[in-house]
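I opened the model to look up a few things about packing and cysteines. My entries follow in the order in which I checked them.

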Amino acid sequence: MMYLQIALICLGCFFFIVGTLGLLRFNDAYSRIHAITKADNLGLGLLVLGLLPSAVNAFQGIKLLLIWLLVLVASATASYLIAHYLKQQQEGDV
Amino acid sequence: MNLAFDVLLGIALLLCAAGVFYSRDLFRAVVMFIAFGLLLALVWVRLDAPDLALAEAAIGAGLTGVLMIDAVAHLSAKNAHHQGAQFDQTGARPQLWSRILPVFSAVIIFILLLGAIWWRPDAPVSLPDLVAESLPESGVEHPITAVLLNFRSYDTLLEIAVLLVAVVVAMALKPDTSEPEAGNSKDPILHGLSARLVPPMLVVGVYILWAGSYMPGGAFQGGAILAAALVFLKLAGFGIERLADSLLRIGLALGFIVFLTVATSVMIGGRPFLTYPESVAGELIFFIEAMLTFSIGLILFSLFSQAPPPVAPTSSLQGEQDER
């Protein structure tokens with residue numbers, strides 16, 4: 001069980017690193033959003049999954065899952081808003 | 001392992017602080033400041049001060065970040081309005097003395113702080129022990145709440161008074177323009193998200209207020225979350241700030257009024273100012289805290305909503321990211 005947890009958390013960290021790398025290296029805002037959402041959604045999800053077996057009781061586990069869910073919703077909306085705003089601006093320029 | 005994490009955290013904190021000061025772009029500086037606040041919250045967690053961490057994350061990073069982003073949006077909108085030029089600060093080179101003076105005073109303060117740490121007097125009484133000793137008399141189980149609302153409630157009373165004065169000044173400075181039209185950023189997705197997210201935010205705010213009597217939490221943290229929910233609603237295009245103007249003013253002052261009323265009414269029973277009868281101390285503290293939470297939430301929100309509407313509605317997008 002512990003090895004599984006370690007593997008999950010390492011994989012989650014990998015996604016965070018890759019997402020951050022993409023955020024820093026991509027030169028287009030849309031690609032950056034694409035990169036960072038991987039870190040938020042998949043990376044954090046894997047971290048939460050990896051931490052779940054260590055939860056002391058059910059409430060802690062539910063809280064962990066809830067954090068993931070809230071971040072999912074918030075990051076999806078924030079990414080949408082950024083992209084939407086960008087699109088509007090570009091259309092305004094043309 | 002923990003030491004390595006702490007060192008990394010400290011370095012990241014310093015880098016963020018440097019980023020705030022040295023970035024040319026104001027918006028970047030504000031984003032760095034928000035990151036700095038979140039890292040600082042982590043530092044407080046590492047220092048075993050979850051109360052401060054909650055307050056820092058909610059007020060220092062979240063709400064102050066929203067206010068600053070709003071201010072930057074105003075600045076850039078104003079500049080674009082006036083000259084059609086990008087906002088930049090590279091205009092005038094600062095004078096030499098204006099650089100030497102801050103460096104000089106910073107060095108002096110640094111030396112004084114070092115000296116204060118070096119020649120630290122032995123504490124005559126151990127304050128944590130003192131608090132733990134008299135905790136049963138305070139009416140609450142969490143030592144921080146006991147200190148803030150009972151042993152040192154004078155400070156909290158002044159804090160809420162300062163907040164009230166600040167918001168009164170902000171309201172007085174508001175230009176008497178026409179009301180901003182509601183729903184200028186009525187985005188269906190943002191609208192739907194806020195409709196689903198605000199009820200849990202309110203529940204969390206009340207939970208944190210309630211938790212304050214036996215674990216980390218309390219009026220300021222709960223109030224900040226309440227304010228965040230209100231800011232969120234406003235950004236999503238619900239015209240809530242116009243719903244009840246006179247009620248809002250009462251609500252702003254309610255916390256301070258209740259606090260002061262309780263503080264003075266105990267004097268009728270012959271007690272000194274701001275001491276609660278032990279039998280009802282817990283109930284009184286909770287009552288005061290509930291009113292404080294309500295008022296702090298409204299005050300923090302009003303500081304945001306009383307700002308004049310931006311020339312171009314650019315702030316609605318950026319502020320949303322801080323809600324998580």
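**Entry 1: contacts of B:Leu292.** I listed what B:Leu292 touches, leaving out residues up to four places away in sequence. The list reads B:Leu149, B:Thr156, B:Ile160, B:Ala219, B:Gly255 and B:Phe259. I note that this is a predicted model.

**Entry 2: B:Thr156.** I followed one of those contacts, B:Thr156, and found this threonine in helix H7 of chain B. Is B:Thr156 buried or exposed? Its relative accessibility is 2%, and the cut-off for buried is under 20%, so B:Thr156 counts as buried. With residues up to four places away in sequence again left out, B:Thr156 touches B:Leu148, B:Phe220, B:Phe259 and B:Leu292. B:Phe259 thus turns up in the contact list of B:Leu292 and in that of B:Thr156.

**Entry 3: the nonpolar cores.** I then asked which residues of the largest nonpolar core touch the most other members. They are B:Leu252, B:Phe259, B:Tyr276, B:Leu292 and B:Ile296, in a core of 40 residues. Six helices of chain B each supply at least two residues of this core: H3 (50–83), H6 (143–151), H7 (153–173), H9 (219–235), H10 (245–265) and H11 (281–305). H11(B) gives the most, with 11 residues. I also recorded a second, separate core of 11 residues, which includes B:Leu193, B:Val198, B:Ala229 and B:Leu233.

**Entry 4: chain A.** I turned to chain A and found three helices and zero strands. From the N terminus on, its elements run α-α-α. Chain A has 94 residues, and buried ones make up 28% of them. I took the contacts in chain A between residues at least 6 apart in sequence; 66% of these join residues at least 24 apart. The chain exposes about 6200 Å², and carbon and sulfur atoms supply 74% of that area.

**Entry 5: cysteines.** How many disulfides does the structure hold? I found zero over all chains. A disulfide is a covalent bond between the sulfur atoms of two cysteines. I checked why A:Cys10 and A:Cys13 do not form one. The cysteine sulfur closest to that of A:Cys10 is in A:Cys13, at 6.3 Å. The cut-off is within 2.5 Å, so the two sulfurs are too far apart for a bond. Starting from A:Cys13, I got A:Cys10 as the closest partner, again at 6.3 Å. I also noted that A:Cys13 is partly exposed, with a relative accessible area of 36%.

Technical notes:
Residues numbered from 1 in each chain as written. Chains lettered and ligands numbered in written order. Predicted model: local features only at pLDDT ≥ 70, side-chain atom pairs only at ≥ 80, totals over all residues. Heavy atoms only, no water. Buried < 20%, exposed > 50% of the residue type's maximum accessible area, 1.4 Å probe, protein only. Core = buried A, V, L, I, M, F, W, Y, C linked by side-chain atoms within 4.5 Å. Helix = DSSP H or I, 4+ residues; strand = E, 2+ residues; numbered from the N terminus. Contact = heavy atoms within 4.5 Å. Areas by Shrake-Rupley, 256 points an atom, 1.4 Å probe, with all protein chains shown as cover.
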